Every structure is written in C-alpha cells, then in structure tokens.
Amino acid sequence: MTDRRRTRSSGPVEHSEGVSPSKRKSSGRGKAAATRYATGEEEKSTNSSSQATSHAMEAINIAQWLEENQKAFLPPVCNKLMHSAGQLKIMYVGGPNERRDYHIEEGEELFYMVKGDMCLKIIEKGLAKDVPIKEGEMFLLPSRIPHSPQRAENTIGLVIERERLPTETDGLRFFCDDGVTTLYQEWFYCTDLGTQLVPVIERFKASDAFKSRKPSQDYTQDDAPVKVDIKTAVVPPFSLQQWLARHASDIKSSGSAQLLGKGEFQISVFGPGNDQITSNGHETFLWQLEGDSTVSSGSGSCVLHKDDSLLLPDSSDVTYTVKREEGCLQMVVWMDQQANK
C-alpha cells in the first residue's frame, strides 16, 4: 500500500518550492526601513509574520523587503516567507530550480511573477501540460491539481497559499516517462514541506520504482486519500496591468472590481473611497498597487504607499477602517478555506 507517513505539528507551513526555507529575519535598518509600524518607530527586526495575539499593524515595502532578502532567493534556499504565522502563507520564490516531483494539495495557490518568467508543469485532465507564467502575470492554480514549479535564474515570484486544515492531506507524486502514470507517491499532513520534501525524495531514490522506472505493484493510482481533479481546465495566466486597464472604469464608477471570487481566493481591487474590513475567520492581505491609503483601528493607524503591503490578522473583535486617497489602487486578498469542500 502507499506509504502514508503522517506527522502533525503546530508549526508554519513552508512553501513547497523550497527544500530548505530560510528562517532569517530581515534587518529592517537603512534609510527607509522595509517595515513601517503604526507608532512610526523602526524596530530592530522586520519580523514580518503577523502575530495572532496582537492587533499592531506592520506595513512592509515589498521592493525593499525583496532587496534586503535577495540572498534568500538564491540556491539552495530560493524562497522566503513574508508571512507565515497565521492562515495565509505569503512568500517570494527565486531560482533556478528543476523538480521532478508533483505536489498535490487540497487548497488553491496563487502565482504572480515579479521578475522574469517561470513554467508551472501540471497534470490537466489526465494530461501533462506546461503553463508559462510571464513577468507581470498572475495565475490561479485550482485545488487538487498536480503541479511542479520550474524556475529560472534571476527570477522572483509571489506565491500565496493557506495553512492546512486538520483533515487535509498533501501528496508528492513522481511520474513515469510518459508523464502521467504514477511511478511513486507519498501522502502526509503538511507542516513544513520545505523540510518534508527532502526525505520523500530520498525514499523515492532508494525505491525499486526509481531503479526500475516501473510503478510499484503495491498500490494503484486510485489508492490515494485525496481525489485528484481530472475535470478542471485551468484558466490561463493573465497580465495584472492589462486587467487593471480593462477594469479602470468599473473601479472608478463602483469603487472596486472583483479579480477572483469563484473559489477559495477572494480578491478585489479598490479605488478611492472609505470602507471597513472585519477579518472574521480569515486573514486579509492588502497590497498597495498605486497611491496611498490609511488603515486604522482602535490600536492605531498605518499609512500604505505604493508597493507597500499589510496583513490584517483574523480578529473578529477588530474592525479596520480603510481610507483610500485619490489615485489609489489597492488589492485586497483573503481566502475562504471551505469554498472547495
């Protein structure tokens, strides 16, 4: 039967693309610190994980954070988490990397290429397919679709996923030379895929399947705790700037436009105006695309400028007021983890 080694932990989920995720903290020092706090004071460290026990707001300038952590995007690490303490796992991934394993998870993943292009290999409707994601493009990977990110040198991409529910299982599959027949697979509860990936690869290389290039007779492809999606055709990647241009009139007239909203990811882009956010049951990620905004709560306020980001914790007892100035474009991201159940 399938090897279903299962480990559980309360630790954060590291992204599947890195085999040794970095634990270093950004220094946060310099002429313009990457993290600005509601108090206006610089802290000694830009520990970017939002703390569930505090409502303090921390704005992170993405461009400077990437510059400060540029070594983390080189081999052998190639990725760094910006936020990991709560529901949302927000990370940036570099290259180069080449992977033979395909990851299967029960949640959706969002990809956005900040610098350079990448190729996401997937199994769509039972067939191998390459999904090129170019610089400036966004791509939503649906739940339960096997995928294998391939990244080139001098590239950086944003990836957003969520923490696993207690009942969810992740899988890693290796395929035969035909690209679709399962050669080897393992299933586990994902707590830190960056460290969990290496032992799976080692066991695969020590297996008879690796040596013979023939599937094990001990299991069939149907012997899996997660039903892989074999019906969904993925929506092609799209240019974020082109989407913004097409929906500029909607944002101006209605105040916002929905970018994604049919599955777990709920993403809208807001223009000038005021509204309130109550993060009841989920975290909320704000990305300031253009202009300025101010986010306020009972504990203080935080000003966001272009290319700043802010993670609002899951706090049913806190309401945030967002004031978006003229010329503002702000992306608001949250995930409904029950949407695909």
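These are my notebook entries on strands, cores, cysteines and salt bridges in a predicted model.

**Entry: strand β19 and its partners**

I began with strand β19, which covers residues 293–297, and looked up which of its side chains are covered: S293, V295 and S297 lie on the covered face, while T294 and S296 lie on the uncovered one. I then followed its pairing to strand β20, residues 300–304, and found that the two run antiparallel and are joined by five bridges. The connection from β19 to β20 is a hairpin of two residues, and within this pairing S293 stands opposite L304 of β20. I also noted a pairing of β19 with strand β22, residues 319–324, again in the antiparallel sense, over four bridges. Here T294 has K323 of β22 as its bridge partner.

**Entry: a six-stranded sheet**

Next I traced an open sheet of six strands, whose order is β3-β4-β11-β6-β9-β14 and whose pairing is antiparallel. Its edge strands are β3 (79–83) and β14 (238–239), each of which pairs on one side only. At the β3 edge I looked up the neighbour, strand β4 (residues 88–93), and found four bridges joining the two strands, which run antiparallel. One position I wrote down is K80, whose bridge partner in β4 is Y92.

**Entry: nonpolar cores**

Y92 came up again when I turned to the cores, since the largest nonpolar core has 32 residues and Y92, L259, W287 and M331 are those with the most contacts inside it. Apart from this core lies another, of 15 residues, which includes L81, M91, V131 and V159. I then listed the surroundings of M331, leaving aside its neighbours within four places in sequence, and found it in contact with M138, L240, L259, I267, S268, V269, F285, L286, W287 and L289. Two of the residues in that list, L259 and W287, are also named among those with the most contacts in the largest core.

**Entry: cysteines**

How many disulfides does a search of the whole structure find? The search finds zero. I looked up two cysteines all the same: C176 is buried, with a relative accessible area of 13%, and C302 is buried too, with a relative accessible area of 3%.

**Entry: salt bridges**

I counted 14 salt bridges in the structure and looked into three of them. In the bridge between E106 and K341 the closest N and O atoms are 3.7 Å apart. Because E106 lies in the loop between β5 (102–104) and β6 (109–115), and K341 in the segment after β23 (329–335), this pair ties together parts that are 235 residues apart in sequence. Is E106 buried or exposed? At 14% relative accessibility E106 counts as buried, whereas K341, at 49%, counts as partly exposed.

The bridge between E124 and K129 has its closest N and O atoms 3.3 Å apart. E124 is buried, with a relative accessible area of 13%, while K129 counts as partly exposed at 31%.

For R162 and E168 the closest N and O atoms of the salt bridge are 2.7 Å apart. R162 counts as buried at 1% relative accessibility, and E168 is likewise buried, with a relative accessible area of 1%.

My last note concerns how these pairs connect: E106, R162, E168, E264 and K341 are linked in a network of salt bridges.

Definitions and conventions:
Residues are numbered from 1 along each chain as its sequence is written. This is a predicted model: local features need pLDDT of at least 70, side-chain atom pairs count only at pLDDT 80 or more; totals for chains, interfaces and linings use all residues. Side-chain values use heavy atoms; hydrogens and water are left out. Buried means under 20% relative accessible area, exposed over 50%, partly exposed in between (1.4 Å probe, protein chains only). Two strands pair if DSSP finds at least two bridges between them. A nonpolar core is a set of buried Ala, Val, Leu, Ile, Met, Phe, Trp, Tyr and Cys residues joined through side-chain atoms within 4.5 Å. Contact means heavy atoms within 4.5 Å. A disulfide is a pair of cysteine sulfur atoms within 2.5 Å. A salt bridge is a side-chain nitrogen of Lys or Arg within 4 Å of a carboxyl oxygen of Asp or Glu.
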